[in-house]
Amino acid sequence: MRVFFKTFGCRSNLFDTQVMMANLKGYEIVSDENLADIIIVNSCTVTNGADSGVQGYINRFKDSRKKIYFTGCGASSKGKENYEKNLAFGVFPHSRKEEITELLQKEQRFFYTEEEPLHIDSTIVSEFVGKTRAFIKIQEGCDFACSYCIIPSVRGGARSFPKDKILAQAQALLDSGVSELILTGTNVGSYGKDLEGESIATLIESLFKLQGLKRLRVGSLEPSQISEEFLGLIQDSLFEKHLHIALQHTHDAMLEIMNRQNRVQKDLELFTRLHNQGFFLGTDFIVGHPGESEEVWEQTLETFAQFPITHLHPFIYSPRNGTPSAKLKNTTKGDVAKKRLHTLKALTQEKNYYMRKAHLKPLHVLVESVDSYMPNVYHGLDEFFNKITIQSSTPIQSGQWLEIAQYQIHKEGNHAKI
């Protein structure tokens with residue numbers, strides 16, 4: 001029997017899919033859903049729109065002979081509906097993904113709810129299928145209570161994976177040929193809060209000692225989680241020169257409505273400090289959340305322009321059923337929100353372009369793929385998390401590292417000929 005894994009959502013879900021793949025025995029994993037007898041849908045439920053995207057995918061197979069299994073964060077919000085409508089043969093929660101082989105062998109349909117909300121996986125993933133860099137989940141869950149977010153209720157409270165397991169996981173992936181690792185989780189910066197003497201900083205210090213590591217990246221951090229110890233460690237040459245720090249907004253009134261812990265002045269001081277140390281900086285930004293009046297938006301944009309942000313993950317607010325924000329009246333029209341989003345994206349792209357021009361220096365590039373249409377053109381990422389296109393007269397392997405001293409800087413990205 002052939003199995004296809006369809007993953008929606010964040011890096012944690014990508015890692016969860018790898019955990020299922022590592023535990024699957026006696027089945028063939030395929031990369032084309034059309035060839036599959038079984039499809040495992042690892043769902044995302046972060047917004048109502050995310051639910052809709054997952055549902056649209058599942059609905060495509062309602063008249064097919066493929067067996068659909070439903071898991072992920074959406075199992076708690078949409079699992080029962082899909083099971084009762086006979087759209088899913090089986091539904092199972094996060095805590096049972098390591099039982100994937102046994103679940104697929106069941107002859108009767110099943111619907112399992114989450115009975116172990118504080119579950120921690122024990123699987124060591126020794127190969128990250130189809131990737132030149134690998135994600136490592138270091139923790140699960142979140143203790144924050146942002147008013148727009150449903151994730152703490154579906155992922156549970158913050159809990160850390162044992163440090164020795166993370167180090168064993170990392171070394172196994174490095175031994176398999178991966179040389180860049182990305183630490184991920186529901187709320188990465190909370191790592192160690194439930195472990196005596198541990199933190200994200202102490203974990204990074206231990207990871208730096210592993211054989212085969214060439215670059216370490218960290219997933220999204222909260223401003224309040226960045227300590228002086230962390231700021232000292234990231235000066236190491238193994239650490240990326242890019243950080244993603246989740247601001248969500250640049251107006252204190254909006255941060256208050258969102259029940260966020262960060263505030264603008266301290267955020268700006270942190271970003272300015274990191275910028276002066278040569279870091280490229282990314283963030284998340286929610287546009288059009290209830291409370292974002294025209295006056296608030298104008299002040300927001302003025303403040304946003306002061307931040308040295310080079311990478312942006314903006315999205316238009318979408319009410320999530322079951323969250324406090326969903327109960328608030330939203331007066332921002334869709335076309336207005338779209339215009340605001342595009343304004344932020346354009347401003348960020350300009351800042352990225354000018355920062356790349358100001359940081360004209362040799363780049364350490366991990367080649368990730370060959371172009372689909374031009375076999376002598378390759379794509380990679382540098383230490384600043386900027387894309388680069390490389391035209392080469394000789395073949396380059398995915399996963400190969402290059403130091404590129406001569407390249408052209410364009411608004412859409414960097415380009416090199418070697």
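**Exercise 1. The main core**

Of the 52 residues in the largest nonpolar core, which touch the most other members? Work out where this core sits among the domains, too.

*Solution.* Keep in mind that you're looking at a predicted model.

- Step 1: Pick out the best-connected members, which are Leu 181, Leu 183, Phe 230, Phe 239 and Leu 243.
- Step 2: Ask who supplies the core. Domain 2 (124-240) and domain 3 (261-359) both contribute residues, so the core lies between them.
- Step 3: Zoom in on Phe 239. Skipping neighbours within four places in sequence, Phe 239 is in contact with Ile 204, Phe 208, Leu 216, Val 218, Phe 230, Ile 234 and Phe 279.
- Step 4: Look for another core. One of 18 residues lies apart from the one around Phe 239, and its members include Phe 4, Ile 39, Cys 44 and Ile 68.

As background, nonpolar side chains in soluble globular proteins tend to be buried together.

**Exercise 2. Domains and the N-terminal end**

Find the domain bounds, then see how domain 1 and domain 3 relate.

*Solution.*

- Step 1: Write down the division: domain 1 (2-111), domain 2 (124-240), domain 3 (261-359) and domain 4 (363-417).
- Step 2: Take the C-alpha centres of domain 1 and domain 3, which lie 34 Å apart.
- Step 3: Check for contacts between these two. Seven residues of domain 1 are in contact with four residues of domain 3.
- Step 4: Bring in the record. An unreviewed UniProt entry places "domain: MTTase N-terminal" at residues 1-109. Over that stretch the chain is 33% helix and 20% strand, with its end C-alpha atoms 17 Å apart.

**Exercise 3. Two residues at the N-terminal end**

Thr 17 and Lys 6: is each one buried or partly exposed?

*Solution.*

- Step 1: Place Thr 17, which is in helix α1 (residues 11-23).
- Step 2: Apply the cut-off. Buried means under 20% relative accessible area, and Thr 17 has 4%, so Thr 17 is buried.
- Step 3: List what Thr 17 touches, leaving out residues up to four places away in sequence: Phe 5, Thr 7 and Asn 42.
- Step 4: Move to Lys 6 in strand β1 (residues 2-7). Its relative accessible area is 26%, so Lys 6 is partly exposed.
- Step 5: With the same kind of neighbours left out, Lys 6 touches Ile 39, Ile 40, Val 41, Asn 42 and Tyr 57. Asn 42 therefore turns up on the lists of both Thr 17 and Lys 6, given that contact means heavy atoms within 4.5 Å.

**Exercise 4. Helix α7 and its surroundings**

How many of the eight residues of α7 are buried, and what covers them?

*Solution.*

- Step 1: Count the buried ones. Seven of the eight are buried, so α7 is largely enclosed by the rest of the structure.
- Step 2: Name them: Ile 200, Ala 201, Thr 202, Leu 203, Ile 204, Ser 206 and Leu 207.
- Step 3: Identify the cover, which includes β7 (134-140), α6, β9 (180-185), β10 (215-218) and α8 (228-233).
- Step 4: Follow up on α6. The axes of α6 (residues 163-175) and α7 (residues 200-207) come within 11 Å and cross at roughly 40°, and the crossing is right-handed.
- Step 5: Find the residues that meet. From α6 come Lys 163, Ile 166, Leu 167 and Ala 170, while α7 offers Thr 202, Leu 203, Ser 206 and Leu 207.
- Step 6: Notice the spacing. An α-helix has 3.6 residues a turn, so residues three or four places apart point the same way.

**Exercise 5. His 242 and a loop with positive phi**

Where is His 242 placed, and what is it in contact with?

*Solution.*

- Step 1: Put His 242 in strand β11 (residues 242-244). With 5% relative accessibility, His 242 counts as buried.
- Step 2: Leave aside neighbours within four places in sequence. Contacts of His 242 then include Arg 217, Phe 279, His 311, Glu 383 and Phe 385.
- Step 3: Follow Phe 385 into the loop between β15 (377-381) and β16 (387-391). Phe 385 is partly exposed at 24% relative accessibility.
- Step 4: Check the backbone. Phe 385 has a positive phi of about 65°, although it is not a glycine.
- Step 5: Compare Asn 259, another non-glycine, with a positive phi of about 60°. Asn 259 is in the loop between α9 (252-257) and α10 (264-276), and is partly exposed with a relative accessible area of 44%.

Key. Residues numbered from 1 in each chain as written. Predicted model: local features only at pLDDT ≥ 70, side-chain atom pairs only at ≥ 80, totals over all residues. Heavy atoms only, no water. UniProt positions renumbered as here; feature names shortened; annotations may be inferred. Helix = DSSP H or I, 4+ residues; strand = E, 2+ residues; numbered from the N terminus. Core = buried A, V, L, I, M, F, W, Y, C linked by side-chain atoms within 4.5 Å. Buried < 20%, exposed > 50% of the residue type's maximum accessible area, 1.4 Å probe, protein only. Domains from an automatic or database assignment. Axes fitted to C-alpha atoms, helices over the stretch in contact; angles between N-to-C directions. Left-handed = near helix turned anticlockwise from the far one by under 90°.
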